[in-house]
Amino acid sequence: RGKRAFIAGVADDNGYGWAIAKALSAAGAEILVGTWVPALNIFETSLRRGKFDESRMLPDGSLMEISKVYPLDAVYDSMEDVPEDVKTNKRYAGHSNWTVKGVVESVKQDFGTIDILVHSLANGPEVSKPILETSRNGYLAAISASSYSFVSLLKHFIPIMNPGGATISLTYIAAEKIIPGYGGGMSSAKAALESDTRVLAFEAGRTKNIRVNTISAGPLRSRAAKAIGFIDMMIDYSSENAPLQKELASDEVGNVAAFLASPLASAITGSVVYVDNGLNAMGAGV
Ligand code: NAI
């Protein structure tokens, strides 16, 4: 039987989630995605109209199939947590079962189980502010959307994950080194995500033989990264200073995710794996 993957955080064909979906699909996995509720309509319309057909192309010439797109807002665990203004917001009101609990129940009903869980989402409303100017709410929102969202997804998916499964998230070097401009508590959120990768690897490994790893990715011009505002500078910095002087392709991250999710990586868990042209290894600029 082929494996089934749920990838949370795909809303266009520019981000890491899309590239990971493609690499998993090329390796034979069935693909389910979770798309942020406010981005869902435009994503599904674009898919249906063939806007992504060119980038759905796999190495063997076939097109990636997405079995189902689920609406998801990973900052809410269940309907009781959702404030009234979000419930009645017209972008949310037309959809159902989009809390973490709701999505997992829907996936269980539709497919029974999954083997691979990918977390490729982050949000920090005050990301453009230095941490000293970040509000408590902004900081907590960054942690909620970017770190706890993974804990919650894993917690809810574990009961329907097959033993031997694998989970992967995306992190950034700002968790461990100073990256000016990556503010709003996003650096803190990535540090939490990396620490949780280790603790969750222990807990999920002991209870269900599930592996937990995170990919520390280099800069990519995704929608989320463009919103931060310094992505072109980070890409230039990397090509000037990294050991490998090429622009990082999202497929390079996708391929490592497919490796980490496969039996080839059966002894790797609790790891931060760098896919960044080696930039993390530099101690000084060139
Ligand atoms: P992206 O824009 O393709 O992906 C972020 C996704 O998160 C979007 O689809 C957005 O709709 C979704 N999202 C935001 N809030 C959500 C919520 N509450 N519930 C559900 N979905 C939500 O951008 P990218 O850059 O590919 O981001 C994917 C991951 O890669 C993130 O964790 C990011 O921090 C990480 N990363 C990105 C780097 C870059 O340079 N682009 C570098 C290192 C890590």
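1. Just after helix H1, Gly 28 takes a positive phi of about 105°. The model under discussion is a predicted one, and the points below should be read with that in mind. The helix that precedes this glycine, H1 (16-26), is mostly covered, since 10 of its 11 residues are buried. The buried set consists of Tyr 16, Gly 17, Trp 18, Ala 19, Ile 20, Ala 21, Lys 22, Ala 23, Leu 24 and Ser 25, and a colleague checking the side chains may note that a lysine is listed there.

2. What lies over the buried residues of H1? The cover includes five strands and one helix, namely strand S1 (4-8), strand S2 (30-36), strand S4 (114-119), strand S5 (161-171), strand S6 (211-217) and helix H10 (250-261).

3. Helix H10, which is part of that cover, packs against H1 at an angle of about 55°, with the two axes 8 Å apart. This angle makes H1 oblique to H10, and H1 passes H10 in a right-handed crossing. On the H1 side the residues involved are Tyr 16, Ala 19, Ile 20, Lys 22, Ala 23 and Leu 24, and they meet Ser 250, Asp 251, Val 253, Gly 254, Asn 255, Ala 257, Ala 258 and Ala 261 in H10. Sorted by class, this contact has nine nonpolar, three polar and two charged residues.

4. H1 also takes part in the surroundings of the ligand, because both H1 and helix H8 (223-228) are helices that each supply at least two residues of the shell. Which element gives the most to that shell? It is H8, with three residues. There are 27 residues around the ligand, and those that come nearest are Gly 15, Leu 121, Leu 170, Ser 222 and Ala 224. In terms of class, the shell has 18 nonpolar, seven polar and two charged residues.

5. A second helix pair is formed by H6 (residues 136-157) and helix H7 (residues 186-208), which pack at an angle of about 20° with their axes 9 Å apart. H6 is therefore roughly parallel to H7, and H6 passes H7 in a right-handed crossing. From H6 the contact draws on Tyr 139, Ala 142, Ile 143, Ser 146, Ser 147, Phe 150, Val 151 and Leu 154, while H7 contributes Met 186, Ser 188, Ala 189, Ala 192, Leu 193, Asp 196, Leu 200 and Ala 204. By class, this contact has 12 nonpolar, three polar and one charged residues.

6. H6 has a further partner in helix H5 (residues 100-111), and these two pack at an angle of about 35° with their axes 9 Å apart. Here too the crossing is right-handed, with H5 passing H6. The contact is made by Val 100, Lys 101 and Val 104 of H5 together with Ser 152, Leu 153, His 156 and Phe 157 of H6. Its composition by class is four nonpolar, two polar and one charged residues.

7. Two asparagines deserve a look at their backbone angles. Most residues other than glycine have a negative phi. Asn 209, however, has a positive phi of about 55° although it is not a glycine, and Asn 277 likewise has a positive value, near 60°. Asn 209 lies in the loop between H7 and S6, whereas Asn 277 is placed in the segment after strand S7 (272-275).

8. Are these asparagines buried or exposed? Asn 209 is partly exposed, because 14 other C-beta atoms lie within 10 Å. Asn 277 counts as buried, because it has 20 C-beta neighbours inside 10 Å, and a residue is taken as buried if 20 or more other C-beta atoms lie within that distance.

9. The last point concerns Ile 231, whose place is in helix H9 (residues 231-241). Ile 231 is partly exposed, with 17 other C-beta atoms within 10 Å. Leaving aside residues up to four places away in sequence, Ile 231 touches Pro 219, Arg 221, Ala 225 and Lys 226. In addition, Ile 231 and Gly 181 are 50 residues apart in sequence and 9.8 Å apart in space, taken from C-alpha to C-alpha.

Note on methods. Residues numbered from 1 in each chain as written. Predicted model: local features only at pLDDT ≥ 70, side-chain atom pairs only at ≥ 80, totals over all residues. Near = placed C-beta within 6 Å. Helix = DSSP H or I, 4+ residues; strand = E, 2+ residues; numbered from the N terminus. Nonpolar A, V, L, I, M, F, W, Y, C, P; charged D, E, K, R; others polar. Axes fitted to C-alpha atoms, helices over the stretch in contact; angles between N-to-C directions. Left-handed = near helix turned anticlockwise from the far one by under 90°. Contact = placed C-beta atoms within 7 Å. Buried ≥ 20, exposed ≤ 12 C-beta atoms within 10 Å, placed from the backbone. Parallel < 35°, antiparallel > 145°, perpendicular 65-115°, else oblique.
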